[in-house]
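Hi there,

Here is the structure I promised to pass on. Have a look at it first, and my notes follow below.

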Amino acid sequence: MSQQDGGIRAGEALFRPVRAGNPFEETVERLLQAIKLGVVGPGDRLPSERDLAARLSVSRVTLREAIRALTEAGYVESRRGRYGGTFVNERLPKPRRVGPKRLARELGGGLEDALVLRSAVEVGASEAAASRELSADDREHLCRCLAETDAAKLADYRRMDSRLHLAIAEVSGSPSLTSAVADVRMRLNALLDAIPLLERNIVHSDEQHRAVVEAILAGDPVAARRAMGEHLAGTAALLRAFLT
């Protein structure tokens, strides 16, 4: 969907041109963002090599090297034939598990920095999304991501939760904001992977997700900002409890 249609899809924001300095590293990073944040899910096909290289503004040689690295790491596989291409593996590598105490030492003051940044970016994204006149496609996309998060199995929850938060930024209509949410979400997920997924917390998060989405659909930026702020405060409290 184009911005003329009222929004910006995550692929358009994540597959943006990379900086000239480290094209290989940034290409790997962008592809991993799309996979880990659920923009391209297990079993899904990545855009064609020609399309992806053009979007990222990298050579096809650089793109192939990045895809080869992700293949070796277990994230994607290449298939030949008429319906071939590069596909995300059905089973993704499990995130590196680091003990909370060790992670806290490694972070230093990084935890508070990440939480402040997330609050500023995601609360603002919710307010911006609620301030816009959403298209039918925007509304359907937001509701679908909410439903998929509600129905997610424990093993898939983090990815679908990330996808919903990214969808909120997408319907704000700002590719820069969508990109910022993707960046901060990748940083946050590294912290969340160090703590357990608690079923009671998931139930509460799902209720808060619904409150945020309902406020956005109702066009109520004040309620959307408040609901997202409360949701992020709960996650921040949980992280502080385990990591400090």
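About 12,300 Å² of the chain is exposed, and carbon and sulfur atoms supply 51% of that; accessible areas come from the Shrake-Rupley method with a 1.4 Å probe, and for residues only the protein chains shown count as cover. Of the 244 residues, 46% count as buried (buried is under 20% relative accessible area, exposed over 50%, partly exposed in between, with a 1.4 Å probe and protein chains only).

Please keep in mind that this is a predicted model: local features need pLDDT of at least 70 and side-chain atom pairs count only at pLDDT 80 or more, while totals for chains, interfaces and linings use all residues. Residues are numbered from 1 along each chain as its sequence is written, and side-chain values use heavy atoms, with hydrogens and water left out.

On confidence, the mean pLDDT of the chain is 87, and 90% of its residues reach 70 or more (pLDDT is the predictor's confidence in each residue, from 0 to 100). Over residues 1–8 pLDDT stays under 50, and the model has 25 contacts beyond four places in sequence for them (contact means heavy atoms within 4.5 Å). Where pLDDT is low, the predicted coordinates should not be read in detail.

As for the fold, there are eleven helices and two strands, in the order α-α-α-α-β-β-α-α-α-α-α-α-α. Helices (H or I, at least four residues) and strands (E, at least two) are DSSP runs, numbered from the N terminus. Among contacts between residues at least 6 apart in sequence, 74% join residues at least 24 apart.

One helix pair you may like is α8 (residues 154–170) with α10 (residues 199–217): their axes come within 12 Å and cross at roughly 20° (axes are lines fitted to C-alpha atoms, for helices over the stretch in contact, and angles run from 0 to 180 degrees between N-to-C directions). That makes α8 roughly parallel to α10, a label for angles under 35 degrees. The residues of α8 that meet α10 include Tyr 157, Asp 161 and His 165, and their partners in α10 include Ser 205, Asp 206 and His 209.

Two glutamates make a nice pair to look at. Glu 122, in helix α6 (residues 110–130), is buried with a relative accessible area of 2%. Beyond its neighbours within four places in sequence, Glu 122 is in contact with His 165, Val 181, Val 184, Arg 185, Met 228 and Leu 232. Glu 214, in helix α10, is exposed at 54% relative accessible area. Glu 214 and Ala 224 are ten residues apart in sequence and 8.0 Å apart in space, C-alpha to C-alpha.

Best wishes

Terms used: Angles under 35 degrees count as roughly parallel, over 145 as roughly antiparallel, 65 to 115 as roughly perpendicular and the rest as oblique.
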